[in-house]
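Biologist: Mind if I quiz you about the labels in this one? I'd like to hear the reasoning behind each of them.

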Amino acid sequence: MSYLYYPGCSLESSAKSYDVSTRWVFQSLGKELVELEDWNCCGATMYMSTKETISLVFSARNLALAERMGGDVVAPCSSCYTILNKTNKILKENFILKAKVNQSLKREGLSYHLKVKARHPLDVLVNDVGIDAIASRATHSLEGLNIAPYYGCQIVRPEGVFDDPENPTAMDKLFEALGGNNVYFPVKVRCCGGMLMTTFPEVALKLNKEILECAVENSADCIVTTCPLCQINLDAYQKKISKKFKIKVHIPILFFTQLLALSMGSTPKEAGLGQNLVPAGEKILGGRL
Amino acid sequence: MAVDVLKEPGILDKKESELRAAFLYQVSNIPGGEKIKKCIQCGTCTGSCPVSYTMDIMPREIIALFRAGAMESVLNSRTIWICASCYACTVRCPVGIKVTDILYALKRMAMEKELFPKRFPIFVLSKSFVFLINRYGRSYEAGLLLLYYLRTNPLKLFSLLPLAYRLFRKGRIAPFPARIKKRKELSAILTEAEVMEMIVPEGTYPVVPKRAVAPGMIKAS
Amino acid sequence: MSRDKNVKVGVYICHCGFNIAQTVDVYEVTGFASRLDCVAVAREYKFMCSDPGQELIIKDIKEMGLDRVVVASCSPLMHEKTFRKACETAKLNRFLFQMSNIREQCSWVHQKKEEATEKAKALVKAAVMRVVRQAPLDPVVVKVNPATLIVGGGIAGIQAALEIADSGNKVYLVERDSTIGGKMAKFDKTFPTLDCAACILTPKMVSVAQHEDIELLSLSEIEDVQGFIGDFTVKVKKKARYVSEKCTACGECVKACPILVPNSFEENQVARSAIYRTFPQAVPNTYLIDKEERPPCRETCPIGQEAAGYIALVAKGRFAEAARLIRRDNPLPFVCGRVCYHPCESECSRRFADEPLAIKNIKRFVMDWELKNKALVEVPKAEKKKKEKIAIIGSGPSGLACGHELALRGYSPVIFEKHEVAGGMLILGIPEYRLPREILNMEIDFIKRMGVTIKTNMALGKDFVIDDLFSQGFKAIYIATGAHKSLKMAIPGENLEGVLHGVDFLRDINLGRPQPVGKRVAVVGGGNTAVDAARTALRCGAREVTVLYRRTRKEMPAEEAEILAAEEEGVAIQYLVAPVEVLGKEGKICGVRCIRMELGEPDSSGRRRPVPVEGSQHDLAFDTLLIAVSQEPVVDFLTGKFPLNVTKWSTLEVNPETLETNIRGVFAGGDVVLGPATVIAAMSDGKRAAEAIDKYLNNEPLADFTTPRAKKLAKRDESFRPHRYAPAFKETPRVPRTKMSEISLEKRLKTFEEVELGLTEEEAMKEAERCLNCGICVECQECVRVCEPKAIDHRMKDEIKEIKVGQILLATGYATLNSKALSLYGYGQFDNVYTSLEFERIVSSTGSTQGRIVLKNGQEPRAIGIIHCVGSRDEKYHPYCSRVCCMYALKFAHLIKDRTDAEVYEFYIDMRAFGKGYEEFYSRILEEGVNVIRGKVAEVVQSGWSKKEEGTLLIRCEDTLIKKYREIPVDMVVLCNAIEPQPDAGDIQRLFSISRSPDGFFLEKHPKLDPTATATDGIYIAGCCQGPKDIPDSVAQASSAAARILAYISKGEIEIEPIQAYIDPELCSGCRLCNDLCPYTAIKFSEDEGISKVNEALCKGCGTCVAACPAAASQQNHFRDEQIFAEIEGLLGG
């Protein structure tokens, strides 16, 4: 069984490692990822907030392309994932907007009939492939590794399609099955501030500090995330935060697919570890340098 | 912030009522948008919001002010721009109001009606973003930030250089924007969409359903 | 429609003020109506229900001679009665009137006037077309049974019961719980007056108990309800209490009970024993025992040993009691503690969590303890001695058990033993290192002291025959001679020197006749005998011992522990190999030719049959071969003139229930019947035989035996729960099985000393604590022992009671939302987050903390947050307001202020203080300095990120009145979780055929004007089962319900609609289909006329027969087919 792969813009640049590791994991689990042909930007939250029809058209184009190729779309970027889902919901419940959108898509000979499901890789891995199946492929146990599973906002909210929006557990279960130890992490769905890091940095820095601090407090060896934006916010500003709030944080921030790949026996390169600003330490690599 | 009060009994001033109509239209497009009428002003949204502490108007007040006929003060608020769209409020609202989406609606209006401080960060960011994706079909992070800071606060660029350099060395900054193949078709779609955006089909303005009163039984006199 | 032409219909359209007129064009409808067939007059009027309106009708009937009337107005529920009365004043039969509802589902729901008007026209036409086909009917009058059933013994039920009973009428009060009092009994104080709940409730409870007109059925549930208003028949299931009214509530039993389970009355914050009384003022004030199905260990035991019972006692260190309990069912406790194959352990529920309990070892410990502490109970004496002589042949476990049981029953049986020592296989088969002789002899000695004679060296068939016994005056005989004959393998060389049989070998050793064993010994077989033989051979000096078994370890019948011990001692086991020939040199064995096996299809025993592998023959060198493949009974003693029937396995043929042989007075059991079986199975037979013989000698029928037999248990899996309080198995903490210490290996190889040393007290108690107390009460019988008035009876059964009542009141109360559902508020995650009911028990003087408001760690809280609307006014849970939370939350605030120095924060959305004195209470709380914050709490989190540091709690919310986001630190949180319908409200709804509103509460007949009645006549509702309510409202509603009920009782009779079915004799084909279908058995077939007839007195007009009748002979008054079809036709504008 194969899935349509929608990497989204960040996975082409700032979150390449997410792209690399996701592809590696799916391939070694024998699940084919077929990249969506000529996909475009999903529109992202900010764009949602300028012009409605246009923003819908943007994400709808991807869905239309997917519908033409047939199959579910797998979107690793939380933002893309939510946008695609939301577009589906809006077009489903508002026939006028649907008409408008299809009218516009005509210009490229496209049309969309709500046949495509947008899925997050975590959803696919846990619910389609199955935790046991994954665990059985694992070659390197995560034994003794303290993990802070960080879900962020947009893969569970607003709809909570495949997990509980208040207390998601998919990742926890996954890493527990791989031998890892999930630390007490009450901020697992607390917001990282997203684009506020650019627009209202002082606010975003505080939010990131809370998350990092919580992980450190509970002696986590790494924070594992599902979202490019969360990853870069948490990864890139640790120095700044340490300085600003006079605390000491230095903790690797991994995409969940990176840690998954490692436990399934990938090389650090295959897991795209080269891109993390805070390098994954010995504890994570388990002598694979 | 001052709240415009009703000038004549039952009559809002023109601008206010325009804003209100536009808002209600936007809201009517949100799935479940009508729920906004059921707000009980409990403040769960504010309490759940990770950034409410820096807002000038609490999320709950947005609805209160709308009811009070003070849309303009809402649109001028910093609140709608500070929302990081984490949807915590939406998930917890006891009457199912889509708070985040309503804030989106307000942002759209604010930009349409140009009701916000000039060079206001998010607006600029959005515009730059729009510019880029309209052009390439893909977002281009580096370009985006460059544009953004040039338009807002060019000096800040220098302070960012070290981080930029680190990211670049890690191969996390693409030197050139990625672009889609069918750029021509895309812009065609978008122009069409622009037109569509203008069309406001009759009857999509939320109509208040006529509710017949069901009084108690009339006793035989 | 010719027939209709001569009827005159009057049609009256009501405006109902604006209610109808606003959306329905009444004038148009009136005009339309007047043009309809048979309509003599059509009028509209502002309020038809008003007197002038009714006058209009009466006048027309009188003057125009109308013989049919239609009123189109509101719902018949409102005014059908009104207009029927009007017709009757004008001498028009009420059933010639038809009401058409053009309001609720017409004018109120339509938005466009045209549509509403069209609908109204159709409805009116339908009514007209129906009414012309209606016929005059006379109402049926039924007697009202003055007895009343009240379901639910909460404050509402109690109130109503007392009010009805005080008027001298019978009340049955059915309560599901063990006591009445309901939720109110849990409260400390009541708002707003703050009087103590108990002080005002308990007097009422007591007067319920004392009232001669109230029959209280506690611990009871409604099974079935039949009938209708005035005459209901109700089946009530009275659950067994296991304690009779003789109970004096002295509480001794509680001290004796070893079991602890969560106390649901205390909201599971503390534990209670399995025998308990809900609270001191409980009514009825009788204790009860909390039981579920019996523990598997006991059910699966062939002698029904009360395993769970003595385990529970051991866990509490009460070893003497444990020993007493073991001895009660077990004639050979020491033996079983050592050599029983413990089927109980393989059924033990604990195996789902980790490993089964070491039940055998615990038993051994208890008996050893008894021996060590000289606590040996005196030999039980039977009350009356019986003189009949009974012979038992064979002194093995079966014979001894039989003797023991007979002695208990007052006989003095004689056991005849072939060998020079008593004990049978126990002594001849089982090696000493497993069962020391002094232990065995002590057991036998004990049985002798009970009055059993044992004659050794008396072999049946050699020294005497069965006939002799009868002639010596023995009245009954029990044959338990066992299975001692070893089976041959039927292979060449079996008779060579050095080839021995396992049983013979063991017997000789055990009888102290040393056997020559070579250096390299082979043992063939996989049973306990084989393993025993192997281990014994080692102890006799064999250098290497090899067991040859033809199947694999999995199929090996020997006990796992024994196999392991053997391997420890160096016994080699070769699997999947079988000897085909014994190789010899000058008459002596020099080796064994073996062939490899592989497993094929399962055989009769369910084990996979081994099949030889071609050409896999190979020779192994041995100088001794012990054959231990299987045994069979020796039946050569069956001489004399009493030929006993023998099966083809040369076992004795008996009736498995009664153990009778084909000869009167001769019984048989144990291995001689079962073939080589187990000690415990043999003992079970012995006990059963004793009972059979006892019955036989008293000429009782050999039936309803009380001696237990092994039960086959239903398959259980992880989903199965030991009992309803037990946690899921995966949540049960893992505790490994305690191992017994053993003597050193070299000692083991040299001597026959007992290998296992038994458990220490600590070990035994630790092991016993692993028991999950399946079925809660483990029937250890300690309560029975200590109960002075002998009120306890563990054999009590549930009973079904049938009662007849005229009316029914449901006051089944409410449940509260499970706060775990709201993960945001941290209930179940953080200490010191409580539900309202838990907090009620905390502040209650009789509660878990005797009313001290303290944190889990015993300290006094510095600040407490009380959160309103938890799951109320929230679409994700319950959209409605739970109505009482605001007030009890304020009550809590007051109590906290009263008893602690803690800051109190009330988080509310809207403060609802609507009742009398409530607002005043609110302001009083404000004066007391409680912080009230207007804002729904978003979440409760732990301050300080890590769970390690016991941080206080943070309440996050918006203080909406100051427009600020706030984080308020508190030590304790109380959740006012929503009131919701009882989980089984749906079942009750179906049982009493009433309705529920969307929120799940029972639906009243009219929200304003009839809040206590339901749509089903004769069934009323009161209290929180109708909707959230406080105590005053519940009581008020209960009283009003009581008044409603009393009204009918005093009236004595009641008119019901004459809508019975009747069967047209012309059309009835006599197929009798309807006879069985009728739920009220109102239809009987009259043989002489050959048709079915309806008994109008019994018919309830349910219409089942009408629908079923193939000949349309069955019709229902006022709902005849033509009437209904006409109505439909009218609706469809026909």
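**Labels and the numbers behind them**

Modeller: Let's start with Ile1128(C), which is partly exposed at 39% relative accessibility. Keep in mind that this is a predicted model.

Biologist: Why is Ile1128(C) called partly exposed?

Modeller: Buried means under 20% and exposed means over 50%. Ile1128(C) has 39%, so it falls in between. The residue sits in helix H37 (residues 1121–1131) of chain C.

Biologist: And what makes the nonpolar surface patch with Ile1128(C)?

Modeller: Phe1119(C), Ile1124(C), Phe1125(C), Ile1128(C), Leu1131(C) and Leu1132(C) make it, with an area of about 590 Å². A patch residue needs over 30% relative accessible area, and Ile1128(C) has 39%, so it passes that cut-off.

Biologist: Lys91(C) and Asn773(C) next. Why is each called buried or exposed?

Modeller: Lys91(C) has a relative accessible area of 74%, and the bar for exposed is over 50%, so exposed it is. Asn773(C) comes in at 16%, and buried means under 20%, so that one is buried.

Biologist: What is the phi of each, and where do they sit?

Modeller: Phi is positive for Lys91(C), about 65 degrees, although it is not a glycine. Asn773(C), also a residue other than glycine, has a positive phi near 50 degrees. Lys91(C) is in the loop between helix H5 (76–89) and strand S4 (97–101) of chain C, while Asn773(C) is in the loop between helix H28 (761–769) and helix H29 (782–786) of chain C.

Biologist: On to the interface of chain A and chain C. How do you know that there is a salt bridge?

Modeller: The side chains of Arg190(A) and Glu939(C) meet at 3.9 Å, N to O. The cut-off is within 4 Å, so the pair qualifies. The rule finds one salt bridge across this interface.

Biologist: What area is buried between chain A and chain C?

Modeller: About 900 Å², with carbon and sulfur atoms giving 55% of that. In chain A, Tyr184(A), Arg190(A) and Glu217(A) lose the most area to chain C, together 52% of what that side buries. The contact takes 11 residues from chain A and 12 residues from chain C.

Biologist: Last one: how do you know that Gln515(C) and Arg513(C) are in polar contact?

Modeller: A polar atom of the Gln515(C) side chain lies 3.3 Å from the backbone oxygen of Arg513(C). A polar contact must be within 3.5 Å, so the distance fits. Gln515(C) is in the loop between helix H22 (502–510) and strand S23 (520–524) of chain C.

Technical notes
Residues numbered from 1 in each chain as written. Chains lettered and ligands numbered in written order. Predicted model: local features only at pLDDT ≥ 70, side-chain atom pairs only at ≥ 80, totals over all residues. Heavy atoms only, no water. Patch = residues over 30% accessible without salt bridge, like charges linked within 9 Å, V, L, I, M, F, W, Y side chains within 5 Å. Areas by Shrake-Rupley, 256 points an atom, 1.4 Å probe, with all protein chains shown as cover. Helix = DSSP H or I, 4+ residues; strand = E, 2+ residues; numbered from the N terminus. Buried < 20%, exposed > 50% of the residue type's maximum accessible area, 1.4 Å probe, protein only. Polar contact = N/O pair within 3.5 Å; in protein donor to acceptor, adjacent residues only side chain to side chain. Contact = heavy atoms within 4.5 Å. Buried area = accessible area lost by both parts, 1.4 Å probe.
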